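Me: I am new to this structure and should like to learn how its features are read. Could we take them one at a time?

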Amino acid sequence: MVEKKYIKIIEDPSYWVEEINNQMYDAMVRYMEANNLNKTEFSKYLGISKGRLSQILNDGEINFSIEKLCSISLKIGKIPSFTFEEKQSYIENIKGKYPTEAETLYTKKLIDPKILLSKPVKSKNDH
């Protein structure tokens, strides 16, 4: 059974915003590194100021409009894919998979979700 505290997390809109921000942050950093771009080059390519890019990379402050999020994701070779699932089906699908350490810390209010963005995100291929 999925714990009530995790259900409370998934019902919090800020959890989903942070999830999207985290994915965008990770994709941006990986693109910048893979293409050997400095902040100036990357900000020009994305059509945002160098200061705004620094804010994103240093503070995790993404907070783009949906249009800008889609525009940037396409520029870095990613397709923005959003799904809208039935909440109960989602809960059924995650049984036994959660909570992760990050969600546990988030639930206990021990860390701000934005702090999660400051840690490097590892893909399944990183070891």
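**Reading contacts in a predicted model**

Reply: Let us begin with a charged pair. In this predicted model, the side chains of lysine 87 and glutamate 11 meet in a salt bridge, with 3.0 Å from N to O.

Me: Where do lysine 87 and glutamate 11 lie, and how many residues apart in sequence are the parts that the pair ties together?

Reply: For such a pair, one first locates each partner along the chain. Lysine 87 belongs to helix H6 (residues 87-94), whereas glutamate 11 sits in the loop between helix H1 (4-10) and H2; the pair therefore ties together parts that are 76 residues apart in sequence.

Me: Are these two residues buried or exposed, or something in between?

Reply: One reads this from the relative accessible area, where values from 20% to 50% count as partly exposed. Lysine 87, at 46%, is partly exposed, and glutamate 11, at 45%, is partly exposed as well.

Me: How many salt bridges does the structure hold?

Reply: There are two salt bridges in the structure. Besides the pair already discussed, aspartate 26 forms one with arginine 30, and their closest N and O atoms are 2.9 Å apart.

Me: What separates aspartate 26 from arginine 30 along helix H2?

Reply: Here one counts positions along the helix. The two residues are four residues apart in helix H2, so about one helical turn separates them. Aspartate 26 is buried, with a relative accessible area of 17%, while arginine 30 is partly exposed at 31%.

Me: How should I read the packing of two helices, and at what angle do H2 and H4 pack?

Reply: One considers the angle between the axes, their separation and the handedness of the crossing. Helix H2 (residues 13-34) and helix H4 (residues 50-59) pack at about 115 degrees, and their axes are 10 Å apart. Since angles of 65 to 115 degrees count as roughly perpendicular, H2 and H4 are therefore roughly perpendicular to each other. The crossing of H2 past H4 is left-handed.

Me: Which residues meet where H2 and H4 are in contact?

Reply: From H2 come Tyr25, Met28, Val29 and Met32, which meet Leu53, Ile56 and Leu57 of H4. By type, the residues of this contact are seven nonpolar, no polar and no charged.

Me: Finally, is serine 73 buried or exposed?

Reply: The relative accessible area again supplies the reading. Serine 73, found in helix H5 (residues 66-75), is buried, with a value of 6%. Leaving aside neighbours within four places in sequence, serine 73 is in contact with Met24, Lys78 and Pro80.

Terms used. Residues numbered from 1 in each chain as written. Predicted model: local features only at pLDDT ≥ 70, side-chain atom pairs only at ≥ 80, totals over all residues. Heavy atoms only, no water. Axes fitted to C-alpha atoms, helices over the stretch in contact; angles between N-to-C directions. Parallel < 35°, antiparallel > 145°, perpendicular 65-115°, else oblique. Left-handed = near helix turned anticlockwise from the far one by under 90°. Contact = heavy atoms within 4.5 Å. Nonpolar A, V, L, I, M, F, W, Y, C, P; charged D, E, K, R; others polar. Salt bridge = Lys/Arg side-chain N within 4 Å of Asp/Glu carboxyl O. Buried < 20%, exposed > 50% of the residue type's maximum accessible area, 1.4 Å probe, protein only.
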